[in-house]
Amino acid sequence: MSEPPSKRARWVDFHCHLDLYSDHAELIAECDRERVATLAVTTTPKAWERNRELATDAVLVRVALGLHPQLVAERAAEIGLFESLLPDARYVGEVGLDASPRFYRSFDAQEHVFERILRMCAEQGNKILTVHSVRAVSKVLQHLERALPTDRGHVVLHWFTGSASEARRAVDRGYYFSVNSEMLKSPKHRALVEQLPADRLLTETDGPFVLSEGVPVRPLAVAETVVELATVRGVSPHDMEAQILANLLTLVSQ
Ligand code: MN
């Protein structure tokens, strides 16, 4: 996806933790075989090198450089490593903020790290970020608005669960939304997804954190999410599939 993905791509999984599955290498091969353009997000910059190595020959898998907000409490010091790797990364994630009770204690540190990451991205330009915003949508938007000018980077809000007005705020800034199967189980979030502009939608799995019948979903599961999304939005699955692929191509070729 650093160059537009080849015409081979059919599906899009814009947020999957490939390195947290026991069969990481096999999963990369599966993405190519099943034609899923997949963004392999990482939770610590220490995972970058190994992820890149394994994905070297992959046609449809790209690796994102991340420092997950839920790990900032223990790993804030890895921001230096993050900084040294960033020039090599077109994709950044998973980054963001998490204000849920388990992680709230580190919220100040998370904000500090997120702000630094955004400023570095703004300085280098043209990165594509996949951003976590659990219970912190408004804060995330505030940081993005302050530290990442819209002409200095592209933002995909992953598993977005904000309000309608927060969604509008994000849309006005040109942000994309990657939607997973878990989001579509909630009537409230279905209603939100129904209102998003068609040209800002992407699909994701957030595997292995999302399960289907007790088993972590794999990237090809986005095929079912496309069908669900089509139902929510009242379009044909075929049109939904084409729209999402077109959205990916637009995003990565900016
Ligand atoms: Mn994730």
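**Exercise 1. Place Arg8 in the chain and work out how open it is to solvent.**

Start with the chain: Arg8 sits in the segment that comes before S1. Keep in mind that we're working with a predicted model.

Next, check the surface. Arg8 has a relative accessible area of 38%, and since buried means under 20% and exposed means over 50%, we call it partly exposed.

Now look at who touches it. Skipping neighbours within four places in sequence, Arg8 is in contact with Asp32, Arg33, Arg35, Val59 and Leu60.

Finally, try a residue further along: Gln195 is 187 residues from Arg8 in sequence, and their C-alpha atoms are 30 Å apart.

**Exercise 2. Find the protein donors of the manganese ion and see how they are spread along the chain.**

Pick out the donor atoms to begin with. They belong to His15 (NE2), His17 (NE2), Glu94 (OE) and Asp206 (OD), and they lie 2.2 to 2.3 Å from the manganese ion.

Then write the spacing of these donor residues in sequence: H-x1-H-x76-E-x111-D.

Take one pair from that pattern. His17 is in the loop between strand S1 (11-16) and helix H1 (24-33), while Glu94 is in strand S4 (residues 91-98). The two are 77 residues apart, so the pair links distant parts of the chain.

Last, ask about solvent: His17 and Glu94 are both buried.

**Exercise 3. Explain why Cys16 and Cys31 don't form a disulfide.**

Go straight to the sulfurs. The cysteine sulfur closest to that of Cys16 is in Cys31, and it's 6.8 Å away. A disulfide needs the two sulfurs within 2.5 Å, so this pair is too far apart for a bond.

Turn it around and Cys31 is in no disulfide either, with the sulfur of Cys16 as its nearest at 6.8 Å. The disulfide count comes to zero.

How accessible are they? Cys16 is buried at a relative accessible area of 0%, and Cys31 also counts as buried, at 1%.

**Exercise 4. Describe how helices H5 and H6 pack.**

Two numbers do the job, as packed helices are described by the angle between their axes and the distance between the axes. For H5 (residues 107-124) and H6 (residues 137-147), the angle is about 35° and the axes are 9 Å apart.

Add the handedness: H5 passes H6 in a right-handed crossing.

Then list some of the contact residues. Among them are Phe107, Phe114 and Leu118 of H5, and Val140, His143 and Leu144 of H6.

To finish, sort the contact by class: seven nonpolar, one polar and five charged residues.

Conventions:
Residues numbered from 1 in each chain as written. Predicted model: local features only at pLDDT ≥ 70, side-chain atom pairs only at ≥ 80, totals over all residues. Heavy atoms only, no water. Axes fitted to C-alpha atoms, helices over the stretch in contact; angles between N-to-C directions. Helix = DSSP H or I, 4+ residues; strand = E, 2+ residues; numbered from the N terminus. Left-handed = near helix turned anticlockwise from the far one by under 90°. Contact = heavy atoms within 4.5 Å. Nonpolar A, V, L, I, M, F, W, Y, C, P; charged D, E, K, R; others polar. Donors = N, O, S within 2.8 Å, 3.2 Å for Na, K, Ca; no water. Buried < 20%, exposed > 50% of the residue type's maximum accessible area, 1.4 Å probe, protein only.
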